[in-house]
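User: I'd like a close look at one part of this model, please. Take me through it slowly.

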There are 2 protein chains.
Amino acid sequence: MVERSSVLDASPELDAVFRSLGDPTRRSMLRMLADGERSVGELAQPFAMSFAGASKHVKVLEDAGLVRRTIRGRIHSCNLVPARLAEADKWFDFYSRFWSKRLDDLEDALRNESTDTTERETK
Amino acid sequence: MVERSSVLDASPELDAVFRSLGDPTRRSMLRMLADGERSVGELAQPFAMSFAGASKHVKVLEDAGLVRRTIRGRIHSCNLVPARLAEADKWFDFYSRFWSKRLDDLEDALRNESTDTTERETK
DNA sequence: GGTTTACTCAACCAAATGGTTGAGGTTTCG
DNA sequence: CGAAACCTCAACCATTTGGTTGAGTAAACC
């Protein structure tokens, strides 16, 4: 009795991705990685923070699946992995009708949602 | 010497929004609010959690600017405020070239970024 | 007026987060 | 080989987070 249009939005992956993005240091690191491969050292360099501190941020990004690490000798080279980022971006699609200029998007959204939500019991 | 294409991504607002979205309870509450105004009680009802616990989640959403509260008598009515959500969605635009199907998007992105990033000093 | 309803606030708690330092472990370089 | 460079790990610390319970306030109802 909860399955239709289920309001539940449980997704440990999405949790991890959004929590990762909730830190400015990590968002900055992603920007760097958007320009291409970077070592942990290069990622750490811009920040007024210990190397180990920055390294932990990299690990958070890695654990969230946003970054892949390739160990080559003593340097750990990091790459952006776009898939999870794309998933997070897709999460917003449901809400885009609230700011999208296109009116048929709104129409579609309303047509899809109005089935049981608009006429739900007011208790 | 850091201003051009600055890798820094500091934004307390974005921090708060993404951290808010990093919790499944709060994402679910936003889904409910997408269907229209809801009281704190209505928002709390689906969750196996104390009323006060759910109430704190609502406050987090409010503090992040994702929700506006209107007090009418004893009931606190909540509405979705899309602006911050739209800003968060826009954050992904920079990265959309990594998963976008349209090749000219990629071209544009490369043209705009290649100026000083591709030929940056290799140290 | 008194009770129920809707909600917040404060205190508390455990766990997670964001940071530090210090001690390693490998590579690479001279 | 020895030293420096690159990076992780463990321990520690303070703060935040996500949850609880209990008390308290304000509005609505009988």
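In what order do the three strands of the open sheet in chain B sit, and is the pairing parallel or antiparallel?

Analyst: Some ground rules before the sheet. This is a predicted model, where local features need pLDDT of at least 70, side-chain atom pairs count only at pLDDT 80 or more, and totals for chains, interfaces and linings use all residues. Residues are numbered from 1 along each chain as its sequence is written, while chains are lettered from A and ligands numbered from 1 in the order in which they are written.

Now the sheet. In chain B the order is β1-β3-β2, an open sheet with antiparallel pairing. Strands here are DSSP runs of E, at least two residues long, numbered from the N terminus (helices are runs of H or I, at least four), and two strands pair if DSSP finds at least two bridges between them. The edges belong to β1 (38-39) and β2 (67-72) of chain B: each has a single partner strand, so one side of each is left without a neighbour in the sheet. β1(B) is joined by two bridges to β3 of chain B, residues 75-80, and these run antiparallel. For one residue to click on, try B:R38, whose bridge partner in β3(B) is B:C78.

For context, look at chain A. It has six helices and three strands, which run α-α-β-α-α-β-β-α-α from the N terminus on. Of its 123 residues, 22% are buried (20 or more other C-beta atoms within 10 Å of the residue's own, with C-beta atoms placed from the backbone).

Key
A residue is buried if 20 or more other C-beta atoms lie within 10 Å of its own, exposed if 12 or fewer, and partly exposed in between; C-beta atoms are placed from the backbone.
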